[in-house]
Structure formats: structure tokens, C-alpha cells
Amino acid sequence: MLACKDLTVEIQPAGVRILDRATAEFMPKGLNAVIGPSGCGKTTLVKAMLGILPSAGDVSYAGEPVRQSSDLLGKLSFAPQFSIAHERLSVAEALCYALDLCVRDGVVKLSRLDEILRRIGLSEHRDKRVSDLSGGQLRRLGLGLELVGDPQCMVCDEVTSGLDPRSEDQILAVLEGLRDERGKTFICIIHNLAKLDVFDWITVVYEGAVVFQGSLDALNAYFNIPDALHLYDRLNEHPIEYWRTRWGEELVCFESLEAIDAVVAPPAPSALAQTWTLLKRRALLFKRDRGYWLLTLGITLGFPLLVTIFAWDGIPQLRGLAMGAGGGALEQMEASLRYRVDALEMASLVTGLILFQVILLTLMGSNNGAREIAAERQIFEKERFAGLSAGAYASSKLIFASLIAVVQGLWMMGFVKYICEFPGASLPQAGVLVLSCVSMTAVCLGFSAIFNSADKASLLSVYLVGFQLPLSGIVLALPDMLVWLCRPFINAYWGWAGYFGSMRATRLYDAYRVDSNEWIPAPALAASVLLLHFVLGAVMVFWGCQRKRWD
Ligand SMILES: Nc1ncnc2c1ncn2[C@@H]1O[C@H](COP(=O)(O)OP(=O)(O)OP(=O)(O)O)[C@@H](O)[C@H]1O
């Protein structure tokens with residue numbers, strides 16, 4: 001079964017040891033309790049054994065070494081302390097999506113769903129939203145989610161903490177049923193010492209070390225206490241070195257622990273199938289999150305409207321001036337001073353409106369990406385532990401957020417161009433505006449994948465959008481030495497330049513060039529740079545999702 005030898009965890013960079021040479025072995029097909037005073041290192045021990053925390057020492061499962069979490073795939077599952085399912089899904093939906101992510105066979109999925117619901121006692125609540133479940137029901141759902149891959153062993157962090165006695169008993173009864181009928185092993189971190197009689201094997205952790213393992217009777221005898229409720233008082237009577245030395249000297253014979261063979265897990269669904277499942281789940285969650293989709297719809301429709309409001313006074317002149325080829329335009333302007341002034345004013349209005357569109361699209365991009373991964377990071381980590389491919393997860397996020405960005409870019413371009421009658425070819429204009437929004441979405445999604453706090457990722461995204469305007473050098477001139485240092489990275493500049501570059505054959509463009517001889521890149525070049533921004537964002541997303549970010 002799961003075992004460790006001399007397992008040590010140090011917190012870097014300070015080098016503080018929070019787990020010190022812990023050695024333990026758990027009982028197969030039994031209920032294992034891990035107990036100890038708060039902050040003694042129970043969670044650290046378990047996470048280090050599961051490869052969630054970096055550690056030194058040896059861990060094995062059924063006699064085979066465990067070097068990383070993936071070595072335990074299909075054999076062992078983990079229910080962490082935090083919320084484990086999307087609140088807007090129903091109980092059955094949460095279980096179905098979890099099954100779709102880790103089981104291939106459709107018949108197995110159906111029968112397993114019914115069995116899990118029955119075992120965790122939530123059949124009657126299958127259509128209830130996760131957000132509406134009681135604390136006890138939530139913990140039982142957590143157990144149900146652990147069961148989707150039918151693992152041999154399940155590790156539960158504080159599965160009964162904070163529950164009323166009845167809910168606690170219900171959960172313990174579920175564990176007992178699974179042990180007795182299905183031969184499952186449970187390793188549970190628990191706080192209630194009065195419930196230790198339910199457990200077969202008890203592990204005591206004290207100040208970062210394992211200081212006892214055995215049955216409840218053996219524990220009472222070893223610590224010379226009438227019952228387990230006196231355990232922590234007894235532990236406090238001696239320093240950790242005393243308990244460590246005493247346990248080390250004890251000739252503990254774990255031969256009673258039966259050796260088991262590790263199961264071979266059936267292959268998980270392909271990355272493509274997982275991506276599709278995640279996309280379906282994301283679409284459903286989007287539909288159910290009224291506040292978020294209303295906000296997205298509001299800014300998608302409202303921002304282009306805002307642009308046209310600022311264009312309103314200039315539209316009549318714009319219509320008169322903008323159309324037609326630029327050939328001979330300078331001659332015409334020279335012929336009429338009034339015409340020249342108007343043209344300059346219009347050019348300044350149009351370039352300002354283009355920049356406004358691009359800035360608003362970058363803002364939409366930040367709204368699409370910044371919270372997307374960070375806000376559900378712990379759910380992703382748990383699903384990854386159960387077999388979800390990080391690549392499938394990253395792809396699903398990129399596809400979903402980019403689709404929204406494409407719609408926003410197209411609508412912005414189409415609506416503003418139609419109302420203001422901006423000259424120039426539609427295709428390159430749509431291309432650069434869509435790419436502006438999509439690339440900013442990908443970069444902010446990258447922040448969301450790199451940071452595990454949604455607030456941090458949002459703040460950074462807002463700063464990034466805020467700096468687009470000054471650093472683009474379009475409204476305020478940048479010092480020469482900074483221009484080409486900043487510009488390659490400024491989304492708004494390339495969005496603006498690509499759009500304005502598409503007006504090259506118009507009078508507006510000629511009018512702008514009267515005052516400025518600055519190089520304006522062609523739309524194809526601007527689109528290529530924006531595509532590079534997207535690739536950079538995508539790399540950040542994939543890299544950030546590969547890294548483990550448990551709380
Ligand atoms: N990332 C970290 N940085 C610094 N200290 C940490 C970190 N993680 C854990 N610790 C410390 O290590 C010790 C053990 O923490 P752990 O969460 O394993 O305790 P625990 O026994 O599970 O506690 P509880 O029963 O309260 O959940 C605690 O003192 C905790 O503050």
C-alpha cells in the first residue's frame with residue numbers, strides 16, 4: 001500500500017523543515033486515520049506522499065516507487081479540503097463531466113454514475129445545484145468525485161471537519177460501506193478523536209514527524225492513556241525528540257499489513273475528447289453565470305456604441321471626405337484651405353477612433369482571460385490528479401476565450417465601420433481588430449494560468465491594458481529611444497497601425513501623412529505581430545497549466 005520512508009519537506013527559500021524524516025505505511029482495504037494537533041504537518045505528509053509537494057525521501061505504492069503524481073494515476077485519488085466542483089453545475093452534471101474526463105467506456109460511465117449517487121446518498125439531490133448543497137452533502141459529493149475513476153485508494157483531507165455529528169456519521173458510513181463491499185482503502189486526515197474507533201489504522205503526526213502507527217487499542221496502550229481524547233495532552237508532556245526516539249526504538253512489526261498489487265488503470269479519454277468535454281462544460285457554466293454573460297454581452301454591444309457616440313459630430317464630414325481614391329488629393333487640399341483643415345481634423349478623428357476601438361478591444365480581452373484559469377485552479381489541479389491532460393485543459397480555455405474575442409472583434413469592426421462609414425477594405429480591418437482582441441485575451445489568459453490568484457491576474461491584466469495607450473506612442477509621443485523598445489509588445493499600436501494601414505488608398509490617409517511622415521506598417525505585418533502576441537499568450541497558458549499550483 002502507500003508508504004513513505006524518511007520523507008522530508010522544506011519550505012524554500014528559508015529552508016524551514018515542515019516534515020522531518022517521516023516514515024509511515026498505511027493499511028490496505030482499511031480506514032486509515034491521520035491525526036495530530038493543528039499545524040503538525042498532516043496535510044504536508046499526505047501531499048508530499050502524493051507528489052503534490054516537492055520532498056526528499058522515498059514513497060512507494062504497492063511496492064512500486066512513486067516519483068510524481070502521475071505514477072498514482074488510476075490507483076489513488078485525492079479529495080482536498082477546498083471546494084471541489086463548479087457551483088453552477090448540478091450534482092449529476094458535476095459527476096457526469098468528471099466521468100467524461102476520466103472514463104472512456106459509455107456503459108461503464110452510466111452504471112458508475114448511478115452507483116456513485118446511491119453510495120454517497122445523493123440520488124434524490126442529483127438535480128440540485130452544487131451551490132445549494134449542505135456542508136455534509138458537499139463532502140459526500142467530494143467523495144463521489146473521487147470515486148469516478150474507481151481508484152483502489154482514496155485520500156481525503158478533513159473529510160468530516162466542521163460537520164454536525166449526523167453528517168459526520170453519514171460520511172463515515174459511506175467510507176465503511178466502500179471498504180467492506182468494494183475493498184477500498186481510505187486515508188483520512190481527521191480532527192475528531194472521538195471517532196477513532198471507526199478507523200482500522202491510526203497514524204499520529206506531531207511537529208512534522210510520524211510518532212505512532214497502529215490500531216486504536218495499540219495507540220492507547222503505547223501512550224498509556226485511557227482514551228484517544230487524552231492523546232494531545234500526553235504528546236505535550238515531552239519534546240518531539242523524545243517521541244521520535246521512542247518510536248524509532250520501538251520494534252514495530254507491520255506484517256499484519258497485507259501486501260496488495262497495484263491495479264492497472266484503463267486508459268483515460270484522449271486529449272481531444274477531454275478538450276471537447278471541457279468546452280461543453282465551459283459553455284454550460286457561461287450560460288448559467290448570468291452576471292458574467294450579461295457583462296460580456298454588455299461590453300460587446302456597448303463598447304462599439306461608445307465609439308460611434310464619439311464619432312457622431314464628425315460623421316457627416318467623414319462621409320464627404322473619406323470616400324474615393326487618394327490620387328490628386330494633395331492638390332485638391334492645396335486648392336482649398338478650408339478643405340485641408342477639415343481633412344486634418346477628420347484624419348485626427350479617425351485615427352483617434354481607431355485607437356479607441358483597439359483599446360476597448362484590449363479591455364474586452366482582459367475581461368475574457370484574466371480570471372478564467374486562476375479562479376478555478378484548484379478544481380483543475382484535482383482533475384489533473386485524476387487524469388485530465390494539462391494540454392487539453394489549456395487548449396479548451398484558449399479556444400473558448402478566443403471564440404468570444406473573435407465575436408467581439410468582428411462586431412466592433414462591423415458596427416463601427418457601418419455607422420461611421422470608415423473607408424478601406426473590410427477584411428484586413430476585421431483581421432487586425434479580431435487579432436488585437438484575441439491576442440490580448442491569450443496574454444491575459446496566460447497571466448491567469450501563471451498566477452493562482454484570480455485577483456493578481458486581473459490586476460496585472462488591467463495594468464497591461466492601462467499602459468497600452470501611453471506606450472503605443474500614438475496619442476503622446478514617446479522618447480525616440482523608447483519607441484521601438486516598447487512598440488513590439490504593445491498590442492494597441494499594431495491594432496491601430498494595421499487598421500489605419502488598410503486606409504492607405506484613401507484621402508484620410510493622405511491627410512494624416514501631411515502632418516506625419518512616421519512609418520505605418522502594412523496590415524499584413526501588423527497582423528503577423530499580433531499573431532506572435534497570441535502565440536506568446538498561448539505559450540504562457542500551456543506553460544502555466546503544466547506547473548502544479550495547489551494551495
Ligand atoms: N507553503 C508554506 N510556507 C510556510 N509554511 C507552511 C507552508 N505550508 C505549510 N506550512 C506550515 O507547515 C506546518 C504544517 O502545515 P500542515 O498544513 O501540514 O498542518 P496540518 O497538520 O494539516 O494542520 P491543520 O490540521 O490545521 O490543517 C504549519 O505550521 C504550516 O504553517
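Let's start with residues 385–411, where the chain is 85% helix and 0% strand, and where the C-alpha atoms at the two ends are 40 Å apart. Keep in mind as you look that this is a predicted model. Residues 385–411 are one of the stretches that an unreviewed UniProt entry annotates as "transmembrane region". The list in that record also includes residues 291–312, 346–364 and 524–545. Over residues 524–545 you will find 100% helix and 0% strand, with 31 Å between the end C-alpha atoms.

Now let's turn to the strands. Strands of a sheet pair through backbone hydrogen bonds, and they can do so in a parallel or an antiparallel way. Both kinds can be found here. For the antiparallel kind, look at the open sheet of four strands, which has the order S2-S1-S4-S5. Strand S2 (16–25) and strand S5 (64–65) are its edge strands, each pairing on one side only. S5 is joined by two bridges to strand S4 (residues 56–61), and these strands run antiparallel. One residue pair to find here is Tyr-61 with its bridge partner Glu-64 in S5.

For the parallel kind, go to strand S7 (residues 153–157). Is S7 enclosed or open to the outside? Five of its five residues are buried, so the strand is largely enclosed by the rest of the structure. Its two faces are both covered: Cys-153, Val-155 and Asp-157 are buried on one side, and Met-154 and Cys-156 are buried on the other.

Which strands pair with S7? Strand S6 (residues 76–79) pairs with S7 in the parallel sense over four bridges, and Ser-77 stands opposite Met-154 in S7. Strand S8 (residues 185–189) is joined to S7 by five bridges, again running parallel. Here Cys-156 has Cys-188 in S8 as its bridge partner. To get from S7 to S8 the chain passes through H5, making a right-handed β-α-β crossover.

Helix H5 (residues 165–182) is also the place of Glu-176. This residue counts as partly exposed because it has 14 C-beta neighbours inside 10 Å. Glu-176 and Leu-31 are 145 residues apart in sequence, yet their C-alpha atoms are 7.5 Å apart in space. Beyond its neighbours within four places in sequence, Glu-176 is in contact with Leu-31 and Val-198.

Finally, let's return to Cys-188. Together with Trp-496, Cys-188 has the most contacts inside the largest nonpolar core, which has 156 residues. Apart from neighbours within four places in sequence, the contacts of Trp-496 include Ile-354, Leu-355 and Ile-474.

Technical notes:
Residues are numbered from 1 along each chain as its sequence is written. This is a predicted model: local features need pLDDT of at least 70, side-chain atom pairs count only at pLDDT 80 or more; totals for chains, interfaces and linings use all residues. A nonpolar core is a set of buried Ala, Val, Leu, Ile, Met, Phe, Trp, Tyr and Cys residues joined through C-beta atoms within 7 Å. A residue is buried if 20 or more other C-beta atoms lie within 10 Å of its own, exposed if 12 or fewer, and partly exposed in between; C-beta atoms are placed from the backbone. Two residues are in contact if their C-beta atoms, placed from the backbone, lie within 7 Å. Two strands pair if DSSP finds at least two bridges between them. UniProt positions are given in the numbering used here, feature names are shortened, and annotations may be inferred rather than shown by experiment. A crossover is right-handed if, with the strands pointing away from the viewer, the path from the first strand over the helix to the second runs clockwise.
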